[in-house]
Structure formats: C-alpha cells, structure tokens
Amino acid sequence: MALLSAQRCQTYLLRVDKMIIKADGAIFYVNDLLKHTKPNNKKGSRIIFKTFAPDSKVCVVTTLKEYIKRTATLRGVNNQLLLSYIKPYNPVSKDTVSRWLKEFLHESGVDALFKAHSTRAAASSAAGHMSVPINEIMAAAGWNSEKTFRDYYKKPILHTMSMENSLSKTFENM
C-alpha cells in the first residue's frame with residue numbers, strides 16, 4: 001500500500017468504516033489531519049487503490065479484501081485497518097508501520113540506507129519514470145505543486161538485477 005499510494009506512514013490512519021470497495025478499486029476517506037492537509041480542508045483526503053486485473057496475486061485490492069476478511073474476528077469494534085499481529089491485536093501506530101516497511105525493504109534486499117519514508121520517493125519516482133501523468137502522481141501523494149515532487153522526491157531509477165530478483169523472490173514467497 002505504501003508503494004502504490006506514495007503516502008507517508010500515515011496509512012496507519014486508514015479505517016475500514018471509511019472505505020469503499022468497488023470492482024475497480026478501493027477508496028479510503030481520511031478525515032484526520034495529515035501532514036499535507038491544509039487546515040481549512042473540510043473534505044479530508046482520499047487514498048485510492050485500483051484493482052490490478054492482470055494478476056490478482058499482486059493486486060492490492062484483492063489482498064485488502066482478504067486481509068479484512070481474515071482480521072474481522074480480531075477487529076471487534078475497532079475500525080482501524082492495520083492491526084498488530086501480536087495479541088491482543090490492537091491498532092498499530094505510525095512507528096509500527098514504519099518498522100514493518102523497513103523490515104520489508106530489508107527482506108527484499110534493499111540497502112539499509114533506505115528507510116520507510118523512502119517508499120514515498122520510490123513510488124512517485126517510479127510512476128514518473130513510467131510516464132504516469134504528473135497530476136496523477138501529485139494527487140496520489142497529496143501534493144499541490146509539481147515543484148515538491150521535482151525538488152524532493154523525483155529520484156533516478158536504478159535498475160539492478162539483484163534488486164529485481166530479490167523483489168521477485170519476496171513476492172513469490174508471499
């Protein structure tokens with residue numbers, strides 16, 4: 001989700017009661033004040049994930065549906081999407097999400113130099129490299145200015161066989 005949304009670790013704020021799942025994707029409505037939310041914004045933010053029809057095994061929406069189904073009995077009255085996998089299965093914090101992202105990056109063979117926040121630059125840079133329109137990148141990341149992307153997040157894309165193999169092996173083992 002972090003790689004597909006170009007969001008910060010604030011994904012811990014996602015709630016199942018503020019989510020709509022459709023055939024073509026999932027939309028989360030975030031009414032909490034996020035770092036990029038302007039104080040007078042009454043609408044909140046939307047985080048959108050699109051269905052990846054070519055391969056349901058790597059589709060975030062398919063995984064999301066399965067996760068919600070499997071955690072339903074653990075969730076109780078709690079509506080936060082991400083729960084700890086350790087009893088008593090409480091909602092996770094931003095620090096937990098950050099630690100999970102760092103562990104995933106490490107297990108994928110990514111240099112320890114890269115932290116959880118690196119996924120924001122990686123996702124937006126990869127989208128830019130693949131010719132995704134800048135307005136879509138800005139909307140996904142919550143930016144109002146192309147300058148923010150260009151000055152702080154647009155990074156060169158390095159292609160190394162070891163990284164590609166590493167990511168492929170990680171996804172195969174899931």
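Strands here are DSSP runs of E at least two residues long, numbered from the N terminus. With that settled, open the model, which is a predicted one, and start with the whole chain.

**Whole chain.** Colour by secondary structure and you should find 7 helices and 3 strands. Walk along the sequence and the order reads α-β-β-β-α-α-α-α-α-α. Now switch on the surface: the protein exposes about 11,600 Å², with carbon and sulfur atoms supplying 57% of that. Of the 174 residues, 33% are buried. If you draw contacts between residues at least 6 apart in sequence, 52% of them link residues at least 24 apart.

**The hairpin.** Next, select residues 19-22 and 25-30, which are β1 and β2. The two strands pair in the antiparallel sense, over 4 bridges, and a hairpin of 2 residues takes you from β1 to β2. Want one bridge to zoom in on? Pick Lys22, then look across to its partner Gly25 in β2.

**Leu83.** Now jump to the loop between α2 (60-75) and α3 (94-107), where Leu83 sits. Is Leu83 buried or exposed? Its relative accessible area is 4%, so Leu83 counts as buried, the cut-off being under 20%.

Show what surrounds Leu83, skipping neighbours within four places in sequence. Contacts from the α2 side of the numbering include Tyr67, Thr71, Leu74 and Arg75. Also on the list are Asn78, Tyr89, Asn90, Pro91, Val92 and Trp100.

For a last stop, add Ser93, 10 residues from Leu83 along the chain, and draw a distance between the two C-alpha atoms: the separation is 9.1 Å.

Technical notes: Residues are numbered from 1 along each chain as its sequence is written. This is a predicted model: local features need pLDDT of at least 70, side-chain atom pairs count only at pLDDT 80 or more; totals for chains, interfaces and linings use all residues. Side-chain values use heavy atoms; hydrogens and water are left out. Two strands pair if DSSP finds at least two bridges between them. Buried means under 20% relative accessible area, exposed over 50%, partly exposed in between (1.4 Å probe, protein chains only). Contact means heavy atoms within 4.5 Å. Accessible areas come from the Shrake-Rupley method with a 1.4 Å probe; for residues, only the protein chains shown count as cover.
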